[in-house]
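Thanks for passing this one along. Here are a few notes to read with the model open beside you.

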Amino acid sequence: MENTDIVRIRAHHGMCIAYFEGKGYSDGFVHHMMLVKQRMQDNPRIRVICSADEVCRLCPNNRDGVCETAGLTEGYDTAVMRLCGLSDGAETEWEEFAGLVKERILEKGRRKEICGGCQWNDICERKDGEFTADGKI
Ligand code: SF4
């Protein structure tokens with residue numbers, strides 16, 4: 001039986017949560033995103049997926065469980081999965097997944113090659129150096 005406490009997190013949201021600074025698609029979305037980020041501090045079990053997740057649940061771009069820009073976002077998910085060595089539906093702990101994202105993508109300055117076309121890229125680009133050892137990307 002599936003553990004109902006498992007939080008579904010789409011793979012590229014491992015990057016979004018790391019960079020989140022209180023901006024988003026709507027006030028409701030931002031508030032919910034803050035709650036998700038807080039919840040991750042308790043290191044819950046998560047299922048890493050390539051489709052709508054807990055973050056998407058309150059997003060105005062979520063149309064009946066499918067992201068309006070799924071053509072882009074699913075590509076981001078697939079790339080994060082590949083670099084982290086995970087497959088769709090992998091079950092793990094948040095800290096394990098967040099560590100993989102940090103080590104294999106963020107600290108290597110590879111975020112932009114995955115989601116550089118995202119509308120929030122300018123915000124993330126200003127913060128990329130916070131994750132790399134020399135402060136450069
Ligand atoms: S834009 Fe798409 S992937 Fe991002 S939170 Fe909204 S529904 Fe989810």
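**Notes on loops, pocket and charges**

1. A word first on the loop between strand E3 (62-63) and strand E4 (66-67), where Asp64 lies. This is a predicted model, and in it Asp64 has a positive phi of about 50° although it is not a glycine. Most residues other than glycine have a negative phi, so you may like to look at the backbone there.

2. Asn43 is another residue to view in this way: its phi is near 50°, again a positive value in a residue other than glycine. You will find Asn43 in the loop that runs between H2 and strand E2 (45-49).

3. Now to the open space. The largest pocket has a volume of about 620 Å³. Its lining counts 31 residues, and those that lie nearest the centre are His12, Cys16, Tyr25, Cys118 and Trp120.

4. Which helices each supply at least two residues of that lining? They are helix H1 (13-19), helix H2 (27-40), helix H3 (70-84), helix H5 (111-115) and helix H6 (121-127). The largest share, 4 residues, comes from H1.

5. On to charge pairs. Side chains of opposite charge can pair when their charged atoms come close. With a cut-off of 4 Å between side-chain nitrogen and carboxyl oxygen, the count comes to 11 salt bridges. One of them joins the side chains of Arg10 and Asp77, at 2.6 Å from N to O. This pair links distant parts of the chain, with Arg10 in strand E1 (residues 7-10) and Asp77 in helix H3, 67 residues apart.

6. Last, the surface. Glu93, Glu95, Glu96 and Glu103 gather there in a patch of negative charge. Helix H4 (residues 94-106) gives the largest share of this patch, 3 residues, and Glu95 has its place in that helix. Patch members have no salt bridge by the rule used, so these four glutamates are not part of the pairs in the previous point.

Note on methods. Residues numbered from 1 in each chain as written. Predicted model: local features only at pLDDT ≥ 70, side-chain atom pairs only at ≥ 80, totals over all residues. Heavy atoms only, no water. Patch = residues over 30% accessible without salt bridge, like charges linked within 9 Å, V, L, I, M, F, W, Y side chains within 5 Å. Areas by Shrake-Rupley, 256 points an atom, 1.4 Å probe, with all protein chains shown as cover. Lys, Arg positive; Asp, Glu negative; His and termini not counted. Charge placed at Lys NZ, Arg CZ, Asp CG, Glu CD. 1 Å grid on protein atoms, 1.4 Å probe; cavity = no way out; pocket = protein on both sides within 12 Å on 5 of 7 lines; lining within 4 Å. Points joined across faces, edges and corners; volume = space filled by probe spheres on them.
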